[in-house]
Amino acid sequence: YITEMRQDMGYAVRVLRRTPGFTAAALLTLALGIGTTTAIFSVVQAVLLRPVPFPQPERLVLMWETDRNSGTTREPASIPDFVDYRERSRQVDRVGALVSLDVNLTPNSGDPRRVSALGASADVVDLLGMRIVAGRAFSVEEDRPGRARVALISDRLWEQLFARDPSAVGASIRLNDITAEIVGVVSSTADFGVLQVLSAAAYARGFADRDPRTRVDVWLPLRADPANAPRGGNHSFVMIGRLASGATVSSAHDEMTQIA
């Protein structure tokens, strides 16, 4: 059987050598077919097969505003609006907010570089199921205005800057020439869904508009301060929440309309 197979293979090689044009076309077709199959499987694996890294995803909701003047829907919120929804809503258990940022990272050695970051309220850590692989998440207290600067970094940045040294937790990092303490490292799935969330907004999508492969490397406390942010001013903050027990999207919508 092996001898016959070798003979067949030898004959095939001789035929292909005599028809180089056909051989090139066949190899190109095969390569494209394998590439397409791999790409399709990658999408299916990411969207359908990979477990969602947070509990009860069916209870998560995105919360948008509608501009009364322009009629724009899916408008991100202002800081005062976000604080009102967070404090007054009963149909949504927890409300978090995030905003896309680009920051200058100045390492201890090497050239400064731009990295993608998120300003996020403390609730977002749990809402997005961000798994901490070293250190801890930032606290509610650290998310308040005027508190000491802290940051979370990605597993990838931990590898690049610190070679996964545990002493990175507690070390300092310079972002936009401001020193922050690294309090934790998040897993490689920490930004799962972030690009989709930002892309769903009418505007203020930040790095989500530039490259669909962008990964978030730094998370900073939002430190929302409604006293220093006009309600009609910067509407850049995407709100995400978890429905309360017994609540529905419809009942939450009705309540939010009353709060607004």
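Student: What lets us say that β5 and β8 pair, and is the sense parallel or antiparallel?

Tutor: Strands count as paired if DSSP finds at least two bridges between them. β5 and β8 are joined over 2 bridges, in the antiparallel sense, so they just qualify under "at least two". One spot to look at is Leu 152, which stands opposite Trp 219 in β8.

Tutor: Before we go on, this is a predicted model, in which local features need pLDDT of at least 70 and side-chain atom pairs count only at pLDDT 80 or more, while totals for chains, interfaces and linings use all residues. Residues are numbered from 1 along each chain as its sequence is written, and side-chain values use heavy atoms, with hydrogens and water left out.

Student: Which other strand is joined to β5, and how many bridges are there?

Tutor: That's β7 (residues 178-186), running parallel to β5 with 5 bridges. Set 5 against the cut-off of at least two, and this counts as a pair as well. Ser 154, for example, has Val 186 as its bridge partner in β7.

Student: What makes something a helix or a strand here, and how many of each are there?

Tutor: Both are DSSP runs, numbered from the N terminus: H or I over at least four residues for a helix, E over at least two for a strand. By that rule the chain has 7 helices and 9 strands.

Student: Why is β5 called mostly covered?

Tutor: Look at the burial of its residues, 150-154: 5 of 5 are buried. Buried means under 20% relative accessible area, exposed means over 50%, and partly exposed is in between (1.4 Å probe, protein chains only). Val 150, Leu 152 and Ser 154 point one way and Ala 151 and Ile 153 the other, yet all are buried. Across the chain, buried residues make up 40% of the 260.

Student: What category does Gly 170 fall into, and how do you know?

Tutor: Its relative accessibility is 45%, so Gly 170 is partly exposed. You'll find Gly 170 in the loop between α5 (155-162) and β6 (172-175).

Student: What does Gly 170 contact, apart from its neighbours within four places in sequence?

Tutor: Glu 181 and Ile 182. Contact means heavy atoms within 4.5 Å. Don't mix that up with C-alpha distance: the C-alpha atoms of Gly 170 and Glu 181 are separated by 5.9 Å, and the two residues are 11 apart along the chain.

Student: Is Thr 214 buried or exposed, and how do you know?

Tutor: Buried, because 15% relative accessible area falls under the cut-off. Thr 214 sits in the loop between α6 (194-199) and β8 (218-221). Beyond its neighbours within four places, Thr 214 touches Ser 116, Leu 195 and Phe 207.

Student: What makes Asp 126 and Arg 94 a salt bridge?

Tutor: The rule asks for a side-chain nitrogen of Lys or Arg within 4 Å of a carboxyl oxygen of Asp or Glu. Here the closest N and O atoms are 3.2 Å apart, so the pair passes the 4 Å test. Asp 126 lies in helix α4 (residues 122-127) and Arg 94 in strand β2 (residues 92-106), so parts that are 32 residues apart in sequence get tied together.

Student: How exposed are Asp 126 and Arg 94?

Tutor: Both are partly exposed, because Asp 126 is at 46% and Arg 94 is at 32%. They also belong to a network of salt bridges that links Arg 94, Asp 123 and Asp 126.

Student: How many salt bridges are there in the whole structure?

Tutor: A full search finds 12. Among them is Arg 136 with Glu 142, at 2.8 Å between the closest N and O atoms. Glu 142 is buried because its relative accessible area is 15%, whereas Arg 136, at 39%, is partly exposed. The side chains of Arg 205 and Asp 209 also meet at 2.8 Å, N to O, in a salt bridge. Arg 205 is partly exposed at 22%, and Asp 209 is partly exposed at 49%.

Student: Which residues of α3 are buried, and what covers them?

Tutor: In α3 (residues 79-88), the buried ones are Ile 79, Pro 80, Asp 81, Phe 82, Val 83 and Tyr 85. Their cover includes β1 (60-63), β2, β9 (238-243) and α7 (249-259).
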